[in-house]
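Colleague: Please take one part of this model and go through it closely, then work outwards to whatever it is connected with. I would like residue numbers and angles rather than a general impression.

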Amino acid sequence: MPDKGAPTPLAGLEETDRRFMAAAIRLSRSHLGLTAANPSVATLIVRDGRIVGRAVTAVGGRPHAEAQALEEAGALARGATAYVTLEPCAHHGRTPPCAEALVTAGVKRVVGAASDPDPRVSGKGYAVLRAAGIEVVEGVLADTAADLMKGYLIRSLRKRPEVILKLALSADGRIGVKGEGQVPITAEIARRQVHLMRAEADAILVGIGTALADDPALTCRLPGLEARSPARIVLDRHLRLALGSKLARTARDVPVLLTAAQDADAARRVALAEAGVNFLAVEAVNGQIALPELLEDLAARGISSLLVEGGAYTAEAFLAEDLVDRLCLFVGPGEIGPHGIASPVNPDHIPDGFTKLREARFGDDGYLEFARAH
């Protein structure tokens, strides 16, 4: 008599699919911030319970994960299952679409996670596979996969990058002290997490006030990940960034872009350009940079994820324009007091429309992450 507590074959298959998809999603994280306009997608080719091919979108965005994983699997791909964290592409370029590559390789099943909103792909990749007689299972750990590639999904749908607002605040909701530059709020473990966030972002942004007061480098300084520092953007209409600043002095090593107004001082522009700084032309409304238009221009450059690390003024500007998609709050155990600069948000006052995704501790520091539903 069969064991009534034993899982059915279908339940066992579902668990296997979830396990391999979770592994694929972990792999996809390895190239976040490195794949330009394309998302960081991972593919696993699994045969008889063993991974015979694995790949993630190559640095720069090509080749795609499916083609690389199939090449690694070779003849073992025939009859295997492919796990893909995003629906395989179906449109032709100079290389055949990934959906057709999976058909040609003879895979038996394709298990997908997130859906691709690109109209050239959406539903079409799976349709190609089904027309070839391949079994397709959609939506396995879809939310988890989509969360990692949220930048690509938002850029596809809204024509702007995902905006990730990161703030470090004291236990009494302060982010610093005016006129005192950088004030330590969190400890080393939390700061390393911030450097990891930088490594996974396409670009990082601060206001000129923060750039002048703190003289930040805004690079990733985790051992082995220094080369993954994102492009650095400063909201600086009047080109006030100092030539001796860390940003200007390292502009030839890691890109620096200043949002220069049309009437910015020409001599300053020349001097900064000679230091290796680049410029983003911006529009101004009532003396303030038009942030929606700036984000559109960044998306056109292939930037999908923008980490905003500016001070209270910059944070408030993005929040006021309803442009923040993700809030990442690091909360230190100490208090600054009433003379400190109040944070525009804190764990007890989160803007409407945000849902808490995760909570963690890094040493003595707390961490809360909230995301807006789109």
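Modeller: In this predicted model, strand β8 (residues 203-207) lies beside strand β14 (residues 305-308), and the two run parallel, joined by three bridges. At the level of single residues, Leu205 has Val308 of β14 as its bridge partner.

Just past this pairing comes Glu309, in the loop that leads from β14 to α12 (312-320). Is Glu309 buried or exposed? Its relative accessibility is 12%, and because buried means under 20%, Glu309 counts as buried. The side chain of Glu309 makes a polar contact of 2.9 Å with the side chain of Arg198. Apart from neighbours within four places in sequence, the contacts of Glu309 are Lys166, Val194, Arg198, Ile204, Leu205 and Val206. Arg198 is thus on that contact list as well as being the polar partner, and Leu205 is both a contact of Glu309 and the bridge partner of Val308.

The pairing belongs to an open sheet of nine strands, ordered β11-β10-β9-β8-β14-β6-β15-β18-β17, in which the pairing is mixed. At its edges are β11 (278-281) and β17 (354-362), each paired on one side only. On average, neighbouring strands of this sheet are turned by 25° against each other, with direction ignored. As background, strands in a sheet are held to one another by backbone hydrogen bonds, in a parallel or an antiparallel arrangement.

Next, the aromatic side chains. The structure has four aromatic pairs. In one of them, the ring centres of Phe330 and Tyr367 are 4.7 Å apart and the ring planes meet at 50°, so this pair is tilted. Because Phe330 is in strand β15 (residues 326-331) and Tyr367 in strand β18 (residues 365-372), the pair ties together parts that are 37 residues apart in sequence. Phe330 and Tyr367 are both buried. Tyr367 also pairs with Phe362: here the centres are 5.7 Å apart and the planes are at 55°, so this pair too is tilted. Phe362 and Tyr367 are both buried. Through these ring pairs, Phe330, Phe362 and Tyr367 form a cluster.

Rings also meet charged groups. The charged end of Arg269 lies over the ring of Phe279, 5.1 Å from the ring centre. The charged end of Arg19 is placed over the ring of Phe20 at 4.8 Å from its centre.

From β6 one can also step back along the chain to a helix. Helix α6 covers residues 150-158, and its buried residues are Gly151, Tyr152, Leu153, Ile154 and Arg155. What do these buried residues pack against? They pack against β3 (81-86), α5 (142-148), β6 (162-169) and α11 (291-300). After α6 comes Lys159, in the loop between α6 and β6. Lys159 is not a glycine, yet its phi is positive, about 60°. With a relative accessibility of 53%, Lys159 counts as exposed. Another residue with positive phi is Leu141, at about 55°, and it is likewise not a glycine. Leu141 sits in the loop between β5 and α5 and, at 18% relative accessibility, counts as buried.

Strand β3, which α6 touches with its buried residues, leads to another sheet. This is an open sheet of five strands in the order β2-β1-β3-β4-β5, again with mixed pairing. The edge strands are β2 (50-56) and β5 (135-137); each has a single partner strand, so one side of each lacks a neighbour in the sheet. Neighbouring strands here are turned by 15° against each other on average, direction ignored. Within this sheet, strand β1 (residues 42-47) and β3 run antiparallel and are joined by four bridges, with Leu44 opposite Tyr83 of β3. Helix α2 (residues 65-73) packs on this sheet and touches β1, β2 and β3, its direction making about 145° with that of β2. In the loop between β2 and α2 is Pro63, which is joined to Arg62 by a cis peptide bond with omega of about -5°.

Conventions: Residues numbered from 1 in each chain as written. Predicted model: local features only at pLDDT ≥ 70, side-chain atom pairs only at ≥ 80, totals over all residues. Heavy atoms only, no water. Buried < 20%, exposed > 50% of the residue type's maximum accessible area, 1.4 Å probe, protein only. Contact = heavy atoms within 4.5 Å. Pairing = 2+ DSSP bridges. Axes fitted to C-alpha atoms, helices over the stretch in contact; angles between N-to-C directions. Phe/Tyr/Trp six-rings, centres within 6.5 Å; stacked < 30°, edge-to-face > 60°. Lys NZ or Arg CZ within 6 Å of the ring centre and 35° of its normal. Polar contact = N/O pair within 3.5 Å; in protein donor to acceptor, adjacent residues only side chain to side chain.
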